Amino acid sequence: MKNILVPIGTSTENHETLQYAVDFAKNFDATIYVMEIFNVISAGAGSLANATDKIEKNSREQLLDVIHKVDKKGTEIKIATYQGDIIEGLKKIDKQYLGIDLIIMAPRSNDVNEGNYLGNTSGKIIKQTDIPTLIVPKGYVFKPVTSILTAFKSGILKRKRILNPLITIKKKFNCTVNLLLVKTPGYTDDDLKVDTALLDISSKMTLTENATTYLGVLEHFLTKQPDMLCVFRRKRGFFKKLWEKNTIAKAEFFAPVPVLVLSVKKD
């Protein structure tokens with residue numbers, strides 16, 4: 001894990017997410033890229049270049065201000081800016097820096113009065129990219145991972161390499177990985193087959209039956225007490241609501257610990 005990307009939004013607490021990323025990256029000798037996406041809308045073509053330069057300068061100044069608030073601890077932090085759509089920006093930066101291994105970002109808010117767990121931007125990142133993402137609660141202070149609960153409704157893996165981030169974290173922190181296979185309505189016998197790559201990295205597997213994978217997580221979260229949750233990103237998987245809209249409500253999903261979202265398993 002060499003390249004970690006941290007999208008920086010407008011929140012006044014965004015330096016806390018960057019600090020977590022720095023503390024996390026230090027364990028892997030990784031480089032951090034902080035990114036801010038900006039759009040320029042101008043009625044006159046003649047003023048477009050000036051507007052772009054001004055906004056890009058302000059964006060860089062804001063990023064530098066955030067960087068100055070964190071203790072770098074010897075970790076290299078680079079700035080990456082992009083004008084336009086955030087997903088296109090992620091793809092370009094991913095290509096430019098020869099691969100982003102992990103995105104670390106905050107959810108929309110921890111406030112119970114705030115209805116959404118993921119907002120429009122963070123939701124788009126989860127929905128429209130295949131880059132592994134670690135969603136870290138705002139204000140969450142880094143600590144070595146000791147236990148990861150990996151929840152899924154199908155044990156079939158499309159590509160074994162999608163487990164690489166999970167395997168890397170397990171090896172680095174020597175943590176326990178427990179599997180939670182949730183039988184949901186309409187499951188098939190194939191769904192109950194668990195890939196050996198998952199079994200090889202786990203200490204225990206629990207089989208439960210719930211209306212949704214998230215309800216299965218809620219049922220077992222307190223007893224397992226993991227300090228990281230791992231789920232899979234797929235069209236009809238854990239974050240299926242995101243395939244209908246970019247935002248996701250806390251009523252549909254919320255976690256008080258970092259959530260590692262791995263790439264597509266199967267459609």
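Biologist: Which word fits F152 and F232, buried or exposed?

Modeller: This is a predicted model, in which local features need pLDDT of at least 70, side-chain atom pairs count only at pLDDT 80 or more, and totals for chains, interfaces and linings use all residues. Residues are numbered from 1 along each chain as its sequence is written, and side-chain values use heavy atoms, with hydrogens and water left out. Buried means under 20% relative accessible area, exposed over 50% and partly exposed in between (1.4 Å probe, protein chains only). On that scale, both F152 and F232 are buried.

Biologist: How many aromatic pairs are there?

Modeller: Rings of Phe, Tyr and Trp (its six-membered ring) pair if their centres lie within 6.5 Å; planes under 30 degrees apart count as stacked, over 60 as edge-to-face and the rest as tilted. By this rule the number of aromatic pairs is nine.

Biologist: Is the pair of Y20 and F24 stacked or edge-to-face?

Modeller: Y20 and F24 are four residues apart in helix α1, so about one helical turn separates them. Both Y20 and F24 are buried. With 6.3 Å from centre to centre and 15 degrees between the planes, Y20 and F24 form a pair that is stacked.

Biologist: Then what is the pair of F152 and F232, stacked or edge-to-face?

Modeller: F152 belongs to strand β7 (residues 147-152) and F232 to strand β10, so this pair ties together parts 80 residues apart in sequence. The ring centres of F152 and F232 are 6.3 Å apart and the planes stand at 80 degrees, so the pair is edge-to-face.

Biologist: Which helix gives the largest share of the largest nonpolar core?

Modeller: A nonpolar core is a set of buried Ala, Val, Leu, Ile, Met, Phe, Trp, Tyr and Cys residues joined through side-chain atoms within 4.5 Å. The largest one has 75 residues, and those touching the most other members are I4, F24, I32, V34, I104 and I169. Its largest share is six residues, from residues 14-26, that is, helix α1.

Biologist: Which strand pairs with β12 in the parallel sense?

Modeller: Strands (E, at least two residues) and helices (H or I, at least four) are DSSP runs numbered from the N terminus, and two strands pair if DSSP finds at least two bridges between them. Strand β6 (residues 133-135) pairs with β12 over three bridges in the antiparallel sense, with T133 opposite V261. In the other pairing, L229 has V259 of β12 as its bridge partner. That parallel pairing runs over four bridges, and the partner of β12 is β10.

Biologist: Is I167 buried or partly exposed?

Modeller: I167 is placed in helix α5 (residues 164-173). The relative accessibility of I167 is 22%, so I167 counts as partly exposed.

Biologist: How many disulfides does the structure hold?

Modeller: A disulfide is a pair of cysteine sulfur atoms within 2.5 Å. C175 is buried at a relative accessible area of 2%, and C230 is buried at 0%. The number of disulfides in the structure is zero.

Biologist: What is the phi of D29, about how many degrees?

Modeller: D29 is in the loop between α1 and β2 (31-38). Its relative accessibility is 65%, so D29 counts as exposed. D29 is not a glycine, yet its phi is positive, at about 55 degrees.

Biologist: And near how many degrees is the phi of Q225?

Modeller: Q225 is in the loop between α7 (213-224) and β10. At 63% relative accessibility, Q225 is exposed. Q225 is a residue other than glycine with a positive phi, near 50 degrees.
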